[in-house]
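Me: Please take a close look at one part of this model, the second largest pocket, and then at the helix packing that goes with it. What lines the pocket, and how do the helix pairs meet?

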Amino acid sequence: MEGVKLERWGYEVKTSSDSCISAINAYYHQVLSYGRERRVILEAAEHDKDCVLANILAAQFLSSSDSFKASLHIRAAKSRLDEATTYEKAVFYAVCYLISDDRDDEVAVASHSKLLKEFPRDLLSLKRTQILCFYMGRPDLSFDIIHQVLPYNQQEDFIFGILAFSLLELGQMSDAEEAAKKGLKINKHDCWSQHALCHVLQHDCCFKEAVQFMEECSSTWSPCSSFMYTHNWWHVALCYLEGHSPMRKVLEIYDNHIWKELEKPDAVHPEVYLNALGLLLRVYVRGELDVFGNRLKVLADCVADQANWYLECHLDLLILWALANTGEVSKAEDLLEGLKSRHSKMIKKKQQLMQTGVQLAEALYAYGRGNDEKALELLGPDFDANACKMIGASDEQLDVFNEVWYSLLLNTGRAAKAIEVIEKRIKKREGAPFLWRLLERAYSMVGRQEAAAVSEKARTLEAAYFK
């Protein structure tokens, strides 16, 4: 057909511009590889201002940062919709609904599932679907759709990293490991497959192996977005922390690979703050924050700027703790009230889903202020951080909130309950020294003789990984 070209997946796009198609394909690669050049999609729309696919993808790219410009691209796409290909129309309707106000997430997933049944090689739409399901806390939905398109993409770059992450979130660690290794066999530089394999090693308490693997991969991370670059280093730092490495190693990664990202001219600061805060909360729970000097205060001063608020629920919760902990109580209260206000305006289904996130926010505010009784009351007697997936955090990111809960139980004298939940957790992660130290503390509080044996177990593990 005249004026029609094929994009990366082999689907038809109405354009006469090779440069437009090249920019669209470059955008696909940037999104799937977590690259820092995703703005390339704006070039596609410049090369062909009438291309529906270029305009709707540009609209999605701009939707969270510049809603006015996004609306102009939507209008441009809509004005040429009659001339668009079947594929372009399917993407247009799915993305339009995805970026609309007050969307129903389940409808958005169904829309993308329908698109992928007709166009199963479209891995960009698959990635959008996985991200949407991630923020719904529904890896099961994501997995079903990935499984639906997998037969069409067996040799395709990025597909197995996408599959591996859904398997991780479903707790299927051996299958996740197999998928990640398949992804790395296709492309050893696929940072999402690298990331998934690190998750598996970390979960299995193979901290030294995880660090060795990720540090070997780290030379390939420079093209990654601020989020992906600092997140992969967050994983490395966390492995050192969980494996009881000297704290200076964790500090070194924070300074040289997380905080230093902010010096880059194209750094996206909130993406860096997310990983910095996530690491410092882990350090704080372990009572080691003194090693980091005034770094939490410096970070809190940065995130006190409201430009960093309401971008990501997970980030908001970490900011809330940091502000409350460093004495920025008024700012913390403003953020908490803002979160509650936004929650009250959500559609009912979303409101019910996010109620757990609001309670966690209130608990972290209380925890930051040192009100352990109130924080524990808000988390409740049966807290499980995995029930908070809808804040937009992986199991590994959520686990720090379980650690906060264990600490609150101990700080408020609930040793019997602490013993119950920590023993249960140790059965899943027997090689984690910090859990044994928490159990030692709980046993000591109730005078159990096993405290000495548990202390010895903790000491052995502390020397097992990095000494």
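**The second largest pocket and the helix pairs**

Reply: In this predicted model, the second largest pocket holds about 670 Å³ of space. Its lining is made up of 25 residues, and those nearest the centre are Asp384, Asn386, Asn402, Arg425 and Lys428. Four elements each give two or more residues to this lining: α9 (159–169), α11, α21 (395–411) and α22 (415–428). Sorted by class, the lining has twelve charged, eight nonpolar and five polar residues.

One of these elements, α11, also packs against another helix. Helix α10 (residues 173–186) and helix α11 (residues 191–203) have axes that come within 8 Å and cross at roughly 150°. Angles over 145 degrees count as roughly antiparallel, and α10 and α11 are therefore roughly antiparallel to each other. Their crossing is left-handed. On the α10 side, the contact involves Met173, Ala176, Glu177, Ala180, Lys181, Gly183 and Leu184, which meet Ser193, Gln194, Ala196, Leu197, Val200 and His203 in α11. By class, this contact of α10 with α11 has seven nonpolar, four polar and two charged residues.

Two other helix pairs can be described in the same terms. For helix α2 (residues 40–47) and helix α3 (residues 52–62), the axes come within 8 Å and cross at roughly 145°. The crossing of α2 and α3 is left-handed. From α2, the residues Ile41, Leu42, Ala44 and Ala45 meet Ala54, Asn55, Leu57, Ala58, Phe61 and Leu62 in α3. The contact of α2 with α3 has nine nonpolar residues, one polar residue and no charged residues.

The remaining pair to describe is α14 with α15. The axes of helix α14 (residues 247–258) and helix α15 (residues 269–285) come within 11 Å and cross at roughly 170°. The helices α14 and α15 are therefore roughly antiparallel to each other. Val250, Tyr254 and Ile258 of α14 make the contact with Val272, Ala276, Leu279, Leu280 and Val283 of α15. By class, the contact of α14 with α15 has eight nonpolar residues, with no polar and no charged residues.

To return to the part you asked about, the lining of the second largest pocket has twelve charged residues, while the contact of α10 with α11 has two.

Key:
Residues numbered from 1 in each chain as written. Predicted model: local features only at pLDDT ≥ 70, side-chain atom pairs only at ≥ 80, totals over all residues. Heavy atoms only, no water. Axes fitted to C-alpha atoms, helices over the stretch in contact; angles between N-to-C directions. Parallel < 35°, antiparallel > 145°, perpendicular 65-115°, else oblique. Left-handed = near helix turned anticlockwise from the far one by under 90°. Contact = heavy atoms within 4.5 Å. Nonpolar A, V, L, I, M, F, W, Y, C, P; charged D, E, K, R; others polar. 1 Å grid on protein atoms, 1.4 Å probe; cavity = no way out; pocket = protein on both sides within 12 Å on 5 of 7 lines; lining within 4 Å. Points joined across faces, edges and corners; volume = space filled by probe spheres on them.
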